[in-house]
Amino acid sequence: MQESLSLTETKTWRAFKSGDRKAFEILLNQFYPSLYNYGQRLVKNSDFAQDCLQDFFIDLWNRRENLEEPQSIKAYLVASYRRRLFKEKERSFWHKRVTDLEDEYDVEVQFNIESYLINNETEHETLLKLKHHLESLSKRQREALYLRFYQELEYDEISQIMAINHHSAINLVYESLKLLRKNWVVSLLFFLNTIL
Amino acid sequence: MEKYLKYHIEDIVQDLYFRKWVLGKLPKENLNWENWLIKNPEKQAIIEEAKSLVIASQIEEIEMPTNTIQQNINEILNHIVTPTNPFYQQNWFRAVAVVLILFTVGLVLEKTSIVSLFKLEKTIPTQATETENNGIMPLNLTLGDGSKVSLKKESKLEVSTDFGEQTRTVFLTGEAFFEVQKDPQHPFLVYAGGIVTKVLGTSFNIRAYNGENNIKVAVRTGHVTVYREEKVGVKNITHPEQILLTPNQQVVFEKKEEKLVKTLVEKPIIILPSIEKKSFEYDETPITKVLTQLENAYGVKIIFDADLLANCNLTASFSNEPLFDKMDIICETIYARYEIADGQIVIYAKGCK
């Protein structure tokens with residue numbers, strides 16, 4: 001018998017809150033890479049994302065006593081870091097209206113197959129169509145797919161991070177999957193059999 | 001793996017276990033999916049389609065410079081200020097304090113006899129005020145310290161005359177629900193049918209009818225200690241066996257065997273008010289996460305093997321059904337069973353594939 005991961009996570013979180021450096025180091029080693037990856041994808045300027053992440057964690061330490069105990073530490077950290085990125089960005093683009101900001105954000109989420117198509121300059125008609133459909137996925141759809149498949153998060157975590165409701169989070173993923181399925185699969189089966 | 005028979009293609013694509021298989025992350029000797037396909041050949045087409053979707057929607061890696069990441073982490077750690085303990089928390093101060101206290105105690109003990117010190121603790125008051133409830137409705141009482149007692153039918157509560165001096169001692173026959181005011185300096189003691197329940201401030205229920213074979217102490221909030229009352233004439237300076245109870249736990253005292261057994265109350269209640277409003281909705285949620293959430297909501301320890309349950313998921317929505325109904329549903333879906341032992345829920349599972 002052993003304790004579940006989330007139980008030890010909760011313990012680490014509590015220790016961190018009470019000022020335990022070691023616990024903070026554990027949290028850093030566990031979550032820094034994921035947040036780094038996410039930040040690099042959300043902002044084109046990679047130094048900006050990195051600086052933001054440094055400040056974010058130092059701030060987290062300074063505010064530790066006032067922090068809540070989240071259901072999911074990962075989702076909590078990703079969501080707070082995302083908010084901070086947008087807020088910092090807003091500050092540096094102060095002349096722009098706030099409402100533009102979400103439209104302004106980048107989502108650097110590419111699919112392996114996309115780059116394969118680009119690198120090989122494949123010109124088969126069905127594959128061109130495929131590429132077109134890939135490009136037609138919205139930023140939010142890409143972000144949701146990234147959080148679901150790359151970061152392997154649950155829907156309630158995704159909805160918390162993207163500040164949308166549970167149902168919208170599910171829809172973003174399902175709709176993109178349906179779109180891909182409708183347009184891709186026939187060509188893909190053919191495609192995969194020829195290249196893989 | 002039976003659940004996959006009902007899955008739509010979009011669900012299969014999102015299933016972690018399936019994705020691991022497609023992306024070659026399962027151990028080679030694991031042939032569960034291959035075997036499943038042999039057993040369910042009609043699923044071949046849908047699995048092929050799901051496979052190509054997983055491969056196609058695989059997200060491209062970006063550069064992750066390990067050195068930079070490690071450097072950044074170290075930089076953060078160098079940047080943060082560790083709180084320095086105030087002087088009274090530092091070791092040298094504690095050491096000095098302990099020596100001083102021992103010295104003082106030594107002085108006091110020399111002047112007073114040891115016997116009289118222990119006697120003080122054991123004095124059980126004889127003169128007491130008494131309240132009896134002969135009606136059917138519970139009788140609500142407020143004690144001198146503000147603690148509330150709901151005295152159930154055919155029950156009697158005596159409050160000792162020195163209530164509030166050293167301790168807050170009461171004697172109960174029958175059943176009562178206590179909401180005790182916090183006062184760590186004056187422990188609240190309930191003597192009932194041979195056992196003593198000691199609390200500092202909390203709420204709990206005691207059922208100790210003379211005609212019944214056992215006595216039950218059930219905790220609603222806070223912590224409660226229960227131990228056997230020392231028999232008159234038996235001088236026992238070391239502390240008797242004490243049982244610590246947390247919310248939703250109860251102790252049963254078998255009068256014949258004089259044995260204290262720790263278990264759970266029949267209907268555990270949710271102790272976190274924030275979760276009370278939230279329903280328990282699960283959509284392919286890892287079972288370990290579900291169990292941890294229930295554990296926190298009810299404050300009841302659930303023991304399970306996280307590795308064994310790693311592949312178990314739950315899709316269900318719970319509302320107000322009792323905790324044990326929820327446990328029944330969970331165990332049915334993951335082919336497991338549970339037992340209650342020592343006030344905890346222990347899950348015996350075979351794991352999911």
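Helices in these legends are DSSP runs (H or I) of at least four residues, numbered from the N terminus. With that in hand, H9(A) can be followed to its end, where the next residue is A:Ala163, with a positive phi near 55 degrees. Please keep in mind that this is a predicted model.

**View 1. Chain A, built from 10 helices and zero strands.** Read along the sequence, the pattern of chain A is α-α-α-α-α-α-α-α-α-α. Of its 196 residues, 51% are buried. Among the contacts between residues at least 6 apart in sequence, 65% join residues at least 24 apart. Chain A exposes about 9900 Å², and 49% of this area is supplied by carbon and sulfur atoms.

**View 2. Chain B, with 10 helices and 18 strands.** Here is the partner chain for a side-by-side look. Chain B has 353 residues, and 39% of them count as buried. When contacts with a separation of 6 or more are considered, residues 24 or more positions apart account for 50% of those in chain B. The exposed area of chain B is about 20400 Å², with carbon and sulfur atoms supplying 54%.

**View 3. Helices H8 and H9 of chain A pack against each other.** H8(A) spans residues 139-150 and H9(A) spans residues 155-162. Their axes are 10 Å apart and make an angle of about 135 degrees. Angles of 35 to 65 or 115 to 145 degrees are neither roughly parallel, antiparallel nor perpendicular, and H8(A) and H9(A) are therefore oblique to each other. The crossing of H8(A) past H9(A) is right-handed. On the H8(A) side, the contact is made by A:Arg140, A:Glu143, A:Ala144, A:Leu147 and A:Arg148. H9(A) contributes A:Tyr155, A:Ile158, A:Ile161 and A:Met162. By residue class, this contact of H8(A) with H9(A) holds six nonpolar, no polar and three charged residues.

**View 4. H9(A) is mostly covered, with six of its eight residues buried.** Which residues of H9(A) are buried? They are A:Tyr155, A:Glu157, A:Ile158, A:Ser159, A:Ile161 and A:Met162. Of these names, A:Tyr155, A:Ile158, A:Ile161 and A:Met162 also appear in the contact with H8(A). A:Glu157 has a link elsewhere in the chain: its C-alpha is 9.1 Å from that of A:Gln71, although the two are 86 residues apart in sequence. A:Gln71 sits in the loop between H3 and H4 (73-92) of chain A. With a relative accessible area of 52%, A:Gln71 is exposed, whereas A:Glu157 is among the buried residues of H9(A).

**View 5. Positive phi values on either side of H9(A), at A:Glu152 and A:Ala163.** Most residues other than glycine have a negative phi, which makes these two loop positions worth a look. A:Glu152 has a phi near 50 degrees and lies in the loop between H8 and H9 of chain A. Is A:Ala163 buried or exposed? A:Ala163 is exposed, with a relative accessible area of 65%; A:Glu152, at 40%, is partly exposed. A:Ala163 has a phi of about 55 degrees, and its loop runs between H9 and H10 (166-195) of chain A.

**View 6. Across the chains, H3(A) crosses H5(B).** H3(A) covers residues 46-62 and H5(B) covers residues 66-79. The axes of the two helices come within 10 Å and cross at roughly 35 degrees. This crossing is right-handed. From H3(A), A:Gln50, A:Gln54, A:Phe57 and A:Ile58 take part in the contact. They meet B:Thr68, B:Asn72, B:Glu75, B:Ile76 and B:His79 of H5(B). How do the residues of the contact of H3(A) with H5(B) divide? There are three nonpolar, five polar and one charged.

**View 7. A:Ile26 in helix H2 of chain A.** Our last stop is on H2, which covers residues 21-42. A:Ile26 is partly exposed, with a relative accessible area of 41%. How far apart in space are A:Ile26 and A:Trp13, C-alpha to C-alpha? The distance is 9.5 Å, for a pair 13 residues apart in sequence.

Note on methods. Residues numbered from 1 in each chain as written. Chains lettered and ligands numbered in written order. Predicted model: local features only at pLDDT ≥ 70, side-chain atom pairs only at ≥ 80, totals over all residues. Heavy atoms only, no water. Axes fitted to C-alpha atoms, helices over the stretch in contact; angles between N-to-C directions. Left-handed = near helix turned anticlockwise from the far one by under 90°. Contact = heavy atoms within 4.5 Å. Nonpolar A, V, L, I, M, F, W, Y, C, P; charged D, E, K, R; others polar. Buried < 20%, exposed > 50% of the residue type's maximum accessible area, 1.4 Å probe, protein only. Areas by Shrake-Rupley, 256 points an atom, 1.4 Å probe, with all protein chains shown as cover.
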